[in-house]
Amino acid sequence: MPARTPLDENAILAATEEILRRHGPDKATVVDVARALGVSHAAVYKHFPSKQALREAVTRRWLDRNRDALAVIAADSAVPPAQRLRSWLHAVLAGKQAKIREDPELFAAYGILAAAHSSVATDHVADLLGQLTAIIADGAADGSFRAEDAEATARVVFNATAKFHHLAHAAEWQDPGIGAELDEVCSLLLDGLHAPASP
C-alpha cells in the first residue's frame, strides 16, 4: 500500500496523535499508526525503535506546544517579577486545564509516562522549574524578592503550588473556584518572598 504522505518523523507523530485520540493510550498500536499512514509498521520502526519511543516523542511534542507561551511570560522583563510569577502560575494551570479538557487521551498518555518516570515527564518539570527560576532570579536581582538561591526558591514555589499542576490533582482542575484558590496561594507566596530577612 503506497504511503499517503511523505514518511518523516512529523508525519508519524501527527498520525500517532490522531490514533491516540481515537483509541486512547492503552489500545493505540504502532500497527494502527502504520495503517493510517499507508505503510508497514517496520517503516515506522525505522524512525522510532519502539512503541515507547514513539509515545515519548508524540507526548514531548504535545507538551512543547504550551512551552513557548509560558517561556514568553517568564522572560518578559517589562512585567514586574511579582506580577510575572502570578501570571505564569495561572498560565500553567490554564494550560493543564485545556489539555485535560481538549485532549484527554494525550493527557492520559502523558500520565502513563509520568508514572513510569519517563525522561519526557522529567524534562517537562525541569523546563517549568527553569522558567520559574528565571522569574525568581529577576525578582532577586531587582530587590523585589528575597531569594538567596533562586533555584531552591523556585523549587519551593513549585512544590507549594503542586495542586495546580501535578497530575495527582488533575480531577480538581475543573473546579470553578480553582483559579481563585491559586490566586490566594500566589498572594501568600508573594508575601513570603517580599518578607524582610530575619535579623
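Let's start with His 124. It sits in helix α7, residues 119–141. This is a predicted model, by the way. Is His 124 buried or exposed? Buried: its relative accessible area is 15%, and the cut-off for buried is under 20%. What does His 124 touch, once residues up to four places away in sequence are set aside? Leu 63, Lys 96 and Tyr 110.

Next, the aromatic rings. A ring pair is described by two quantities, the distance of the centres and the angle of the planes. How many aromatic pairs does the model have? The count is two.

Take Trp 62 and Phe 107. Their ring centres are 6.4 Å apart, and the planes make 75 degrees. That counts as edge-to-face, because the angle is over 60. Where do the two residues sit? Trp 62 is in helix α4, residues 51–75, and Phe 107 is in helix α6, residues 104–115. So this pair ties together parts that are 45 residues apart in sequence. Trp 62 is buried, at 3% relative accessible area. Phe 107 is buried as well, at 9%.

Phe 107 also pairs with Trp 173. Here the centres are 5.9 Å apart, the planes are at 85 degrees, and the geometry is edge-to-face. Trp 173 lies in the loop between α8 (150–160) and α9. Phe 107 is in helix α6, 66 residues away in sequence, and the pair links distant parts of the chain. Trp 173 is buried, like Phe 107.

Put those rings together. Trp 62, Phe 107 and Trp 173 make one aromatic cluster. Trp 62 has a charge over it too. Which residue lies over its face? Lys 99, at 4.1 Å from the ring centre.

Now the domains. The assignment gives domain 1 as 9–56 and domain 2 as 65–193. Their C-alpha centres are 30 Å apart. How many residues are in contact across the two? Nine from domain 1, with 11 from domain 2.

On to the nonpolar core. The largest one has 52 residues. Which residues have the most contacts inside it? Leu 54, Leu 85, Trp 88 and Ile 136. Helix α4 gives the most to this core, with seven residues. Why does the core lie between the domains? Because domain 1 and domain 2 both give residues to it.

Look at Leu 85 in more detail. Leave out residues up to four places away in sequence. Leu 85 then touches Leu 132, Ile 135 and Ile 136. It also touches Phe 145, Val 157, Leu 190 and Leu 193.

Over to helix α9, residues 178–194. Gly 179 is found there. Gly 179 has 28% relative accessibility, so it counts as partly exposed. What is Gly 179 in contact with, beyond its neighbours within four places in sequence? His 90 and Leu 93. Ala 147 is 32 residues from Gly 179 along the chain, and their C-alpha atoms are separated by 26 Å.

One annotation to finish. The UniProt record, an unreviewed entry, carries the label "DNA-binding region". Which residues does it cover? Residues 29–48. In the model that span is 75% helix and 0% strand. Its end C-alpha atoms lie 13 Å apart.

Note on methods. Residues numbered from 1 in each chain as written. Predicted model: local features only at pLDDT ≥ 70, side-chain atom pairs only at ≥ 80, totals over all residues. Heavy atoms only, no water. UniProt positions renumbered as here; feature names shortened; annotations may be inferred. Helix = DSSP H or I, 4+ residues; strand = E, 2+ residues; numbered from the N terminus. Buried < 20%, exposed > 50% of the residue type's maximum accessible area, 1.4 Å probe, protein only. Contact = heavy atoms within 4.5 Å. Phe/Tyr/Trp six-rings, centres within 6.5 Å; stacked < 30°, edge-to-face > 60°. Lys NZ or Arg CZ within 6 Å of the ring centre and 35° of its normal. Core = buried A, V, L, I, M, F, W, Y, C linked by side-chain atoms within 4.5 Å. Domains from an automatic or database assignment.
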